[in-house]
Amino acid sequence: APDSDGGSEELVLTPAQLIRSLEQAWLNEKFAPELLESKPEIIECVVEQLDHMEANLKRAKKGDLKVSVHHMEIERIRYVLSSYLRCRLVKIEKFFPHVLEKEKSRAEGEPSILSPEEFAFAKEYMANTETYLKNAALKHMPPNLQKVSLLKSVPKPNLDSFVFLRVLERQENILVEPETDEQREYTIDLEEGSQHLIRYKTIAPLVASGAVQLI
Amino acid sequence: AASCRSRSEAKSGRTDLIFLIRFRHCCLLRNQRCVVAYLYDRLLRIRALRWEYGSVLPSAIHFHMSAEEVEWFNRYKKSLATYMRSVGGEEGLDLTQDIKPPKSLYIEVRCLKDYGEFEIDDGTTVLLKKNSQHFLPRWKCEQLIRQGVLEHVLS
């Protein structure tokens, strides 16, 4: 089984576990309003897995029924991987000043939300857009109006949006903010296997830790 | 008393001026914001074109783009290509493919325009003539379907 070579933890996952991790990361990324931590180990292993499967396919006898089934499986995995990476790119482009700001102000030990390649892409996107706005409009404006703060103009992700989740690991005493002025904040316990509709902000750290799965 | 009156007159005059300056500045800021919003919205649509049509834009659309927008588009697709090449092994991973979950390996397609010879994986070629129908591998057809050359026939 392919193993991850990122970081100090040596994780050995079976192919089935790897694909499940990919699907979990994919669903979380799909339903979370903000860009989540990058998962370079999963991506690397899945790519390796796909190459492995494609090599097997080339060696297999033509007309063998298993060939079609394996081919479909490769197609499905490739779709999930592409969809996952596309979802991330869409969020990077949508929130590019905030994503770059968050990465720049990241503390030493904190995990990165951008892979090095995504970081390069985000920087290029920002530079490209800034150059365009300058040349298409801003340089023709009065001197004191030639700057625009993209950090202020581009909307931030809405962390208050509601998400559906399933609880993977039991959590106790999650603090929930009041919705109205009459309510007060209260705590809830999240039972394993239960499903909830809740504001993303409340459970964001639980998504990062893998305690809950967005659905 | 006279000096008081003139001082208050002068003060009120300055206040009027400050009001006017502030008002004009707000108008200018709003205009700047409208212009930037309009241009940015166009950029978002141009970005979507890369994902829908591919790296080469139809000339009709190209005609509607400003020189700066064309430059932005070229830089964007270059940046995207670099990123796609960096992910997924030696050849990279074309993220503009596999947009929909795969339902089957092969699909029935009808040719909408004359395209010519089209090579499929095992070396065989197919002649894509207008109105001809073929049973082809799905992943090979995706690009041509998006470009309007082929049409997926749903039985």
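How much accessible surface does chain B come to, and what percentage of that surface belongs to carbon and sulfur atoms? In this predicted model, the accessible surface of chain B comes to about 10500 Å², and carbon and sulfur atoms account for 57% of that area. The views below begin with the whole of chain B and then move in on selected places.

**View 1. Chain B as a whole has 4 helices and 5 strands.** Following the sequence, you will meet these elements in the pattern α-α-α-β-β-β-β-α-β. Of the 155 residues in chain B, 32% are buried. Take the contacts in chain B between residues at least 6 apart in sequence: 52% of them join residues at least 24 apart.

**View 2. A nonpolar patch lies on the surface of chain B.** Its members are Leu17(B), Phe19(B), Leu20(B), Ile21(B) and Phe23(B), and together they offer about 580 Å² of accessible area. Phe19(B) is a good residue to centre on; it belongs to helix 1 of chain B, which covers residues 2–53. With a relative accessible area of 58%, Phe19(B) is exposed.

**View 3. Cysteines of chain B are shown here without disulfides, the count over all chains being 0.** Cys26(B) has the sulfur of Cys27(B) as its nearest cysteine sulfur, 7.1 Å away, and takes part in no disulfide. What keeps Cys34(B) from forming a bond with Cys27(B)? The closest cysteine sulfur to that of Cys34(B) is in Cys27(B), but the 11 Å between the two sulfurs is too far for a bond. Cys34(B) itself is partly exposed, at a relative accessible area of 38%.

**View 4. Helix 4 of chain B, residues 138–147, carries a set of buried residues.** These are Arg138(B), Trp139(B), Cys141(B), Glu142(B) and Leu144(B). What do the buried residues of helix 4 of chain B pack against? Within chain B, their partners are strand 1 (106–111), strand 2 (116–119), strand 3 (125–128), strand 4 (133–137) and strand 5. From chain A, helix 3 (65–94) joins the packing as well. After helix 4 of chain B comes Gly148(B), with a positive phi near 85 degrees.

**View 5. His152(B) sits in strand 5 of chain B, residues 150–152.** Is His152(B) buried, exposed or partly exposed? At 35% relative accessibility, His152(B) counts as partly exposed. Leaving aside residues up to four places away in sequence, His152(B) touches Ile107(B), Glu108(B), Val109(B) and Ile145(B). For a sense of scale, look also at Ile120(B): this residue is 32 residues from His152(B) along the chain, and their C-alpha atoms are separated by 17 Å.

**View 6. Residues 16–87 of chain B are listed by UniProt, in an unreviewed entry, as "domain: GINS subunit".** This span of chain B is 88% helix and 0% strand, and its end C-alpha atoms lie 61 Å apart. In chain A, UniProt places a feature called "domain: GINS subunit" at residues 65–136, again from an unreviewed entry. Those residues of chain A are 83% helix and 0% strand, with 58 Å between the end C-alpha atoms.

**View 7. Residues 157–215 of chain A carry the UniProt feature "domain: DNA replication complex GINS protein SLD5 C-terminal", from an unreviewed entry.** How far apart are the end C-alpha atoms of this span of chain A? They lie 19 Å apart, and the span is 17% helix and 42% strand.

Technical notes
Residues are numbered from 1 along each chain as its sequence is written. Chains are lettered from A and ligands numbered from 1 in the order in which they are written. This is a predicted model: local features need pLDDT of at least 70, side-chain atom pairs count only at pLDDT 80 or more; totals for chains, interfaces and linings use all residues. Side-chain values use heavy atoms; hydrogens and water are left out. Patches are made of residues with over 30% relative accessible area and no salt bridge: like charges are joined within 9 Å, nonpolar side chains (Val, Leu, Ile, Met, Phe, Trp, Tyr) within 5 Å. Accessible areas come from the Shrake-Rupley method with a 1.4 Å probe; for residues, only the protein chains shown count as cover. A salt bridge is a side-chain nitrogen of Lys or Arg within 4 Å of a carboxyl oxygen of Asp or Glu. Helices (H or I, at least four residues) and strands (E, at least two) are DSSP runs, numbered from the N terminus. Buried means under 20% relative accessible area, exposed over 50%, partly exposed in between (1.4 Å probe, protein chains only). A disulfide is a pair of cysteine sulfur atoms within 2.5 Å. UniProt positions are given in the numbering used here, feature names are shortened, and annotations may be inferred rather than shown by experiment. Contact means heavy atoms within 4.5 Å.
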